[in-house]
Amino acid sequence: MSFQIALNFEDGVTRFIEATGNETVADAAYRQGINIPLDCRDGACGTCKCFAEAGRYELGDDFIEDALSDDEVQQGYVLTCQMRAASDCVLRVPASSTVCKTQQASFEASISDIRQLSESTIALSIKGESLSSLAFLPGQYVNLQVPGSEQTRAYSFSSLQKGGEVSFLIRNVPGGLMSSFLTGIAKAGDNMTLAGPLGSFYLRQIDRPLLLLAGGTGLAPFTAMLEKIAEQGSPHPVHLIYGVTNDFDLVELDRLQALSALIPNFSFSACVANPQSQHPLKGYVTQHIEPTHLNEGDVDVYLCGPPPMVEAVSLYIREQGITPAHFYYEKFAASAA
């Protein structure tokens, strides 16, 4: 039996390897051409120490405390020269992908569907045989090359990979290079190139209630996360608050409703900041965070939105005197150049 191991490098690159339960993760990585930090191979130096963010594994018995202390074991650190996977795992590697002699993977695909969900949001799906081997953690992003140019734009996956197809929610930026292509030129069958996956914003193991906060097309990584939660289930409540500026910015509400039917512990609300809105809930995301959502700090908060929203939410939580168990966030800004 083999398991999938996600290696997250400190420069944001993620690579996936397959490891059998009979080989160490270090051996599996080297077998597949990824030179993670390694020296003694005997559990004595600590050079291969990584942090296990998710998964079940055997630590091994042949390491000394100078290499891995009991406190570090309790925190979730492992020695990859000793660790053997017992499930799919996610490891944080304290080195860059370049040092480990690996790089972003590149994929060729073509547009399978393109729809303008509103004047501010475009839904893009691409499909290709090479994407069947694309693995990523829900919440991560990819660099998508703008056809006819050498420039790329970063977009979070809005779906899991299914049958070699992935999707994105893209903000329609007037005059934007990618937006101009998608709204004026693009058609089904056009080729596109993507490189990745990238990013430290992704769904971790669910050990407590989750509060998901999305601003505009910052909804994208959460729909991918929710698809994963629908597959695996959640023993804890998951609540999403989705905020936009205008009524026409609200998209994918039907999809969120469908996901709520698939995930018993999931609930969501949407709000519109424009005071002239016809939507039932008005105001900013922070105005709709309830004390129960913060669960006296025993909560993992995930936030994706423009910088002002990230700063406003951070300030709001501090003002409540709450320190979440974990606070993960992704800032994004539109690029028109």
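**Salt bridges and the boundary between domains 2 and 3**

In this predicted model, Arg255 forms a salt bridge with Glu252, the closest N and O atoms being 3.1 Å apart, where a salt bridge is a side-chain nitrogen of Lys or Arg within 4 Å of a carboxyl oxygen of Asp or Glu. Residues are numbered from 1 along each chain as its sequence is written, and side-chain values use heavy atoms, with hydrogens and water left out. Because the model is predicted, local features need pLDDT of at least 70 and side-chain atom pairs count only at pLDDT 80 or more, whereas totals for chains, interfaces and linings use all residues.

The pair formed by Arg255 and Glu252 belongs to a network of salt bridges that also links Lys162 and Glu227. Within this network, the side chains of Lys162 and Glu227 meet at 2.6 Å, N to O. Side chains of opposite charge can pair when their charged atoms come close.

The domain assignment, which is automatic or taken from a database, gives domain 1 (2-99), domain 2 (104-198) and domain 3 (210-331). The C-alpha centres of domain 2 and domain 3 lie 24 Å apart, and 17 residues of domain 2 are in contact with 16 residues of domain 3, contact meaning heavy atoms within 4.5 Å. About 1400 Å² is buried between these two domains, 64% of this area coming from carbon and sulfur atoms; buried area is the accessible area (1.4 Å probe) that two parts lose on being put together, summed over both. On the side of domain 2, Pro138, Leu160 and Leu169 lose the most area to domain 3, together accounting for 34% of what that side buries. The count between domain 2 and domain 3 is 1 salt bridge.

Elsewhere in the model, further salt bridges join Asp113 to Arg115 (2.9 Å, N to O) and Asp190 to Lys187, with the closest N and O atoms 3.0 Å apart. The exposure of these residues was classed by relative accessible area (buried under 20%, exposed over 50%, partly exposed in between; 1.4 Å probe, protein chains only). Asp113 counts as partly exposed because its relative accessibility is 30%, and Arg115, at 43%, is likewise classed as partly exposed. In the other pair, Asp190 counts as buried, since its relative accessibility is 14%, whereas Lys187 is exposed, with a relative accessible area of 51%.
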